[in-house]
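This report is written for someone meeting this structure for the first time. Please look over the sequence and the structure shown here before reading on.

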Amino acid sequence: MPTYATRALVSVLCELAADADPNSVSVRLAATRAGDLEPTDGPLTGLDVETQVLSDFYFPDAGNSLSGVFGMDLAAPTGQTAGRFTSHPRGDSEVSVTDDLHATVLVGVPPWEVESVRAYDRQGSRRDLVLVDAETPEPDTPV
């Protein structure tokens with residue numbers, strides 16, 4: 001079963017990893033139903049509207065001061081994360097024992113390009129990463 005992610009998300013994750021290099025970065029990811037995404041390059045074909053597509057991330061530093069006091073990660077809403085991105089600056093694209101495993105883990109390695117990101121499941125088995133040319137819709141803003 002493949003892992004779906006928006007091309008824009010994977011591109012931003014690579015930028016975050018490049019900015020953090022030589023340190024690693026670990027970011028929680030959120031998914032959006034394919035039917036709720038807005039295509040950026042023609043219609044989305046071949047995806048069921050219910051397919052979950054990794055589309056957003058939670059800033060890695062959000063909630064750090066509170067998590068230090070209360071001992072829990074407050075950067076992302078409970079139950080709202082669908083995976084994790086982690087960077088491996090030394091170039092090993094395999095999931096490691098120190099990675100925080102989620103149902104889906106994306107691993108990025110130098111040269112921090114979209115093509116160098118790999119997807120894994122919770123057991124560390126490699127999955128196909130399918131990039132989707134779509135974006136999450138802009139939230140409605142009150143008038």
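## The surroundings of V109

Leaving aside residues up to four places away in sequence, V109 is in contact with H88, G91, D92, S93 and S116. The residue itself sits in the loop that runs between strand 6 (104-108) and strand 7 (118-121). Is V109 buried or exposed? Its relative accessibility is 7%, and V109 therefore counts as buried, since the limit for that class is under 20%. A further distance helps to place this residue: the C-alpha atoms of V109 and E94 are separated by 9.6 Å, while the two residues are 15 residues apart along the chain.

## Confidence and overall plan

The model discussed here is predicted, and its confidence should be kept in mind throughout. The protein has an average pLDDT of 81, and 77% of the residues score at least 70. Confidence is highest in helix 1, at 96, and lowest in helix 2 (residues 64-70), where the mean is 43. The pLDDT is below 50 over residues 62-79, a stretch that has 14 contacts in the model beyond near neighbours in sequence.

The protein contains two helices and ten strands, and, read from the N terminus on, its elements follow the order β-α-β-β-β-α-β-β-β-β-β-β. Of the 143 residues in the protein, 36% are buried. About 8400 Å² of the protein is exposed, and carbon and sulfur atoms supply 49% of that area. Among the contacts with a separation of 6 or more, 56% are between residues 24 or more positions apart.

## Strand pairing

Strand 2 is paired with two other strands, and both pairings can be followed residue by residue in the structure. With strand 4 (residues 52-58), strand 2 runs antiparallel and is joined by six bridges; within this pairing, L29 has F57 of strand 4 as its bridge partner. With strand 5 (residues 83-87), strand 2 again pairs in the antiparallel sense, here over four bridges, and S26 stands opposite T86 of strand 5.

## The nonpolar cores

Which residues of the largest nonpolar core touch the most other members? This core has 16 residues, and those that touch the most other members are V10, L13, L29, L54, F85 and L106. Helix 1 (7-20) and strand 2 (26-33) each supply at least two residues of the core, and helix 1 gives the most, with five residues. L29 thus appears both in this core and in the bridge to F57 of strand 4.

L106 offers a closer view of these surroundings. Not counting residues up to four places away in sequence, L106 touches T3, L13, L29, L54, R84, F85, T86, V117, R118, A119 and L129. A second core, separate from the one just described, is made up of seven residues, including Y4, L47, V132 and A134.

## Salt bridges

Side chains of opposite charge can pair when their charged atoms come close. The structure holds three such salt bridges. In one of them, the side chains of R7 and D133 meet at 2.7 Å, N to O. Because R7 lies in helix 1 and D133 in the loop between strand 9 (129-132) and strand 10 (134-135), this pair ties together parts that are 126 residues apart in sequence. R7 counts as partly exposed at 37% relative accessibility, and D133 is likewise partly exposed, with a relative accessible area of 27%.

How are R33, D36 and E50 linked, and what joins them? The three residues form a network of salt bridges. R33 forms a salt bridge with D36, the closest N and O atoms being 3.1 Å apart, and R33 also forms one with E50, for which the closest N and O atoms are 2.3 Å apart. Because E50 lies in the loop between strand 3 (38-39) and strand 4, whereas R33 belongs to strand 2, their pair ties together parts that are 17 residues apart in sequence.

The members of this network can also be described by how far they are open to the surroundings. R33 is partly exposed, with a relative accessible area of 26%; D36 counts as partly exposed at 37% relative accessibility; and E50, at 48% relative accessibility, counts as partly exposed as well.

Key
Residues are numbered from 1 along each chain as its sequence is written. This is a predicted model: local features need pLDDT of at least 70, side-chain atom pairs count only at pLDDT 80 or more; totals for chains, interfaces and linings use all residues. Side-chain values use heavy atoms; hydrogens and water are left out. A nonpolar core is a set of buried Ala, Val, Leu, Ile, Met, Phe, Trp, Tyr and Cys residues joined through side-chain atoms within 4.5 Å. Buried means under 20% relative accessible area, exposed over 50%, partly exposed in between (1.4 Å probe, protein chains only). Contact means heavy atoms within 4.5 Å. Accessible areas come from the Shrake-Rupley method with a 1.4 Å probe; for residues, only the protein chains shown count as cover. Two strands pair if DSSP finds at least two bridges between them. A salt bridge is a side-chain nitrogen of Lys or Arg within 4 Å of a carboxyl oxygen of Asp or Glu. pLDDT is the predictor's confidence in each residue, from 0 to 100.
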